[in-house]
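Work through the following exercises with the sequence and the structure at hand. Try each task before reading its solution.

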Number of protein chains: 2
Amino acid sequence: MSRRRSSSVTIRDVARKAGVSVATVSRYINRNAPVSQEVAERLDEVMIEMRYVPHAAARHLASRKTRVIGLLLNNLHNDFFVPLLNGVEGVIRKKGYNLIVATYHADIRNETPPPIGPHNTDGLLVFSDGLVDDDLINLNARGFPMVLVHRTPPPSVSIPSVTVENTEITHKLVDHLIKVHGKRRIMFLRGPIHQEDSLRREVGYKSALRANGIPFDENLILNGEFDRDIAYQVMHGFLNNGRQIAFDAVFTGDDDSAIGVLRALHQHDYRVPEEIAVVGFDDLGFASFLSPPLTTVRAPTEAVGRIATERLFGLLENQLSDEVMILPTEIIFRRSCGCQS
Amino acid sequence: MSRRRSSSVTIRDVARKAGVSVATVSRYINRNAPVSQEVAERLDEVMIEMRYVPHAAARHLASRKTRVIGLLLNNLHNDFFVPLLNGVEGVIRKKGYNLIVATYHADIRNETPPPIGPHNTDGLLVFSDGLVDDDLINLNARGFPMVLVHRTPPPSVSIPSVTVENTEITHKLVDHLIKVHGKRRIMFLRGPIHQEDSLRREVGYKSALRANGIPFDENLILNGEFDRDIAYQVMHGFLNNGRQIAFDAVFTGDDDSAIGVLRALHQHDYRVPEEIAVVGFDDLGFASFLSPPLTTVRAPTEAVGRIATERLFGLLENQLSDEVMILPTEIIFRRSCGCQS
DNA sequence: ACGGTTACTGTAAACGGTTACATTATTTCA
DNA sequence: TGAAATAATGTAACCGTTTACAGTAACCGT
């Protein structure tokens, strides 16, 4: 009659049954020291027979490695995350690691610490503003492996980072609306405040206006939050209240918001692109089948996920690298901007 | 000069600095025994000052709880997963748990055990065919908490399950194509083999044909795998090779596949819905803005994720329940079937 | 033949928490 | 007022691994 609280089979049970010490079993499992042919075979049998699975927590505690990678997102409201997750997950599975996904609102006022970090993962992929700079600097100072995704490191810190080119391509896209389609009152939907993609896109937007001698009008900036539903609401609100403010095009911030914007425009009987041109960003799978087909910027989102994860594993294996990697983007011209119509 | 291998601060450090025992610290952290006002305040200070974060693995090992829920998917190739994940993640965060997401190809021939299970999670959400029946039965027999998502339990096992109504609604939808739009050669794109949604939809499809006296034609069944790209390829291949086989409508299996199908039809210059009607399933966010707007079945995917997770927590708290929950679905008529044109 | 590797194995101390059990001081209540 | 319950705390065993250290036996080169 044992005092054991648990019913699960442990390494000791295996060791006893196979007539060896637990150390030998552990070494065989981890293949980090030679074991005699005979013992190996016996262990294989016993382990299968007893359905032994090593207890992860015990392993983590003893080895000080979790074999878990964390992905910190700020929300899960965007189809954008499917290709991203897919890229990340593929690499992680290949490496035999596990993926923990958490959403966290990095906010100075957020009292609770991030749910994932050094205490439960070996490394973190931090998307966008998933962590505030302070946390980032702190973790980095403690030598915790991280790779930033769709954001660059805070000044004076060097953390590897993978993102896409935003500024120039947005400049080009807005420039296209102006030069080719004669638009001059172009609305811009911001993403979340402090979101780097959004910031850079805004820079590109403004520089294109400036380059074309078009005055910037604060009234044409809306906060779409890169969220389909919020974009819809904010656009809907604008159309209800502010009909007096003229506009002839919308840069929706991202493709997901484009859906909300299109819905609102549609509801208010605007014709796209004849009256209002609409362009997005990301080139999500549905973009070419929206009505009208969406002119947008193709971003290699799955590659971002894949490369970021590979770099994180590089870090775990002590291959240092601190460069910011910016993947190229390209404009896909479709009908919503007025092309191909 | 200590022998400590790690540099991180432990509960013992906190205890020493606060002048109490580790037991007291532990109890205060877990709020599972009263602690004097004075000690509480001192601990708060010390813990913040030392930036103490409990080591997850140690906690798990000692308490035999991981505070981690696993979500087992068969892939991450579908925008469908965003609302699902969102529903799941919301509940998990509220409970202070963590979410581990894994893809696993449940296959008799798959030698490696599932990456998540009793050894690293407190419970599992098993999507579709994420696990083979044997594994399911096995884990269930060991009393491991699980909730099935978009599938029902194998015969003679009772595991709670949350899914959506497939058969009747598909019957209705196909019936609509036949009765209202006069279609008689309706193509059906299957999902992954053994995928229950797909199987049930097929049943509904066939029963609608039968009810209308239309003979079933095996040639009109394609394997779209519920995957946008595969659906495109298979449709594209069909249109290239099989032009002799007439058809006048496509039930694409799900909305994601609808995108692939639309692309292929478009490329081959078919007009939708005039020549070919197209209908999907799920009503993903983009469905109403496809070109043409997609007639589809609205599935409460986020609710499925939320409810399944809530039921899993119910299980963790020993509230038994073994019923199969089937959430209602409804047809959303848009233009791609021929309505509203 | 002998010191030095190499192959294989075992013992026991971590790893960083939780918690059963024990203890003392303080209330509560018949 | 005395017994019992409650509050607050400490001691130490335990959770299931990994791994430093130690040891034995076989092998190797000179």
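A residue counts as buried when its relative accessible area is under 20%, as exposed when that area is over 50%, and as partly exposed in between. The model used here is predicted.

**Exercise 1. Place Arg311(A) in its chain and decide whether it is buried or exposed.**

Step 1. Find the element. Arg311(A) belongs to helix 11 of chain A, which covers residues 301-316.

Step 2. Apply the cut-off. The relative accessible area of Arg311(A) is 11%. Buried means under 20%, so Arg311(A) is buried.

Step 3. List the neighbours. Leaving out residues up to four places away in sequence, Arg311(A) touches Val147(A), Pro160(A), Ser161(A), Val162(A), Ser321(A), Glu323(A) and Met325(A).

Step 4. Look at the domains. Chain A is divided into domain 1 (6-63), domain 2 (68-164 + 301-327) and domain 3 (167-299 + 331-337). Between the C-alpha centres of domain 1 of chain A and domain 2 of chain A there are 34 Å.

**Exercise 2. Determine how chain A is related to chain B.**

Step 1. Superpose the chains. A turn of 180 degrees, with a shift of 0.2 Å along the axis, lays chain A on chain B with an RMSD of 0.3 Å.

Step 2. Interpret the operation. The two copies are therefore related as by a two-fold rotation axis.

Step 3. Compare the contact residues. Both copies use the same surface, since 100% of the contact residues of chain A recur in chain B.

**Exercise 3. Describe the protein surface near DNA strand C.**

Step 1. Identify the residues. DNA strand C is surrounded by 32 residues, and the closest are Ser21(A), Thr24(A), Arg27(A), Ile11(B) and Ser26(B).

Step 2. Sort them by type. The surface near DNA strand C has 14 nonpolar, 11 polar and seven charged residues.

Step 3. Ask which part of the strand is approached. Among the atoms of DNA strand C within 4 Å of the protein, sugar or phosphate accounts for 57% and bases for the rest.

Step 4. Examine single contacts. An N or O atom in the side chain of Arg27(A) is 2.7 Å from a base nitrogen of DNA strand C. Chain B supplies contacts to phosphate oxygens of this strand: a polar backbone atom of His55(B) lies at 3.3 Å, and an N or O atom in the side chain of Arg59(B) lies at 3.1 Å.

Step 5. Assign the elements. Two or more residues each come from helix 2 (22-30) and helix 4 (56-63) of chain A, and from helix 1 (11-18), helix 2 (22-30) and helix 4 (56-63) of chain B.

**Exercise 4. Repeat the description for DNA strand D.**

Step 1. Identify the residues. There are 30 residues around DNA strand D, and those that come nearest are Ile11(A), Arg12(A), Ser26(A), Ser21(B) and Arg27(B).

Step 2. Sort them by type. Here the division is 14 nonpolar, 11 polar and five charged.

Step 3. Split the strand atoms. Of the atoms of DNA strand D within 4 Å of the protein, 59% are in sugar or phosphate, and the rest are in bases.

Step 4. Examine single contacts. A polar backbone atom of Ile11(A) is 2.6 Å from a phosphate oxygen of DNA strand D. A backbone N or O atom of Ser21(B) is also 2.6 Å from a phosphate oxygen of this strand. A base nitrogen of DNA strand D lies 3.5 Å from a backbone N or O atom of Ala58(A).

Step 5. Assign the elements. Helix 1 (11-18), helix 2 and helix 4 of chain A, together with helix 2 and helix 4 of chain B, each give two or more residues to the surface near DNA strand D.

**Exercise 5. Find unusual backbone geometry in the model, starting from the rule that most residues other than glycine have a negative phi and most peptide bonds are trans.**

Step 1. Check the peptide bonds. Val272(A) and Pro273(A) are joined by a cis peptide bond with omega about 5 degrees. In chain B, a cis peptide bond with omega about 5 degrees joins Val272(B) and Pro273(B).

Step 2. Locate the prolines. Pro273(A) is in the loop between helix 10 (255-267) and strand 9 (277-279) of chain A. Pro273(B) is in the loop between helix 10 (255-267) and strand 9 (277-279) of chain B.

Step 3. Check phi. Arg51(B) is not glycine, yet its phi is positive, near 55 degrees. Asp269(B) has a positive phi near 60 degrees.

Step 4. Locate these two residues. Arg51(B) is in the loop between helix 3 (37-50) and helix 4 of chain B. Asp269(B) is in the loop between helix 10 and strand 9 of chain B.

Step 5. Classify their accessibility. Arg51(B) has a relative accessible area of 53% and is exposed. Asp269(B), at 65%, is exposed too.

Note on methods
Residues are numbered from 1 along each chain as its sequence is written. Chains are lettered from A and ligands numbered from 1 in the order in which they are written. This is a predicted model: local features need pLDDT of at least 70, side-chain atom pairs count only at pLDDT 80 or more; totals for chains, interfaces and linings use all residues. Side-chain values use heavy atoms; hydrogens and water are left out. A residue is near a molecule or strand if one of its heavy atoms lies within 4 Å of it. A polar contact is a pair of N or O atoms within 3.5 Å; within protein, one must be able to donate a hydrogen and the other to accept it, and residues adjacent in sequence count only if both atoms are side-chain atoms. Helices (H or I, at least four residues) and strands (E, at least two) are DSSP runs, numbered from the N terminus. Ala, Val, Leu, Ile, Met, Phe, Trp, Tyr, Cys and Pro count as nonpolar, Asp, Glu, Lys and Arg as charged, and the others, Gly among them, as polar. Copies are superposed by least squares on the C-alpha atoms of residues with pLDDT of at least 70 in both. Contact means heavy atoms within 4.5 Å. Domain bounds come from an automatic or database domain assignment. Buried means under 20% relative accessible area, exposed over 50%, partly exposed in between (1.4 Å probe, protein chains only).
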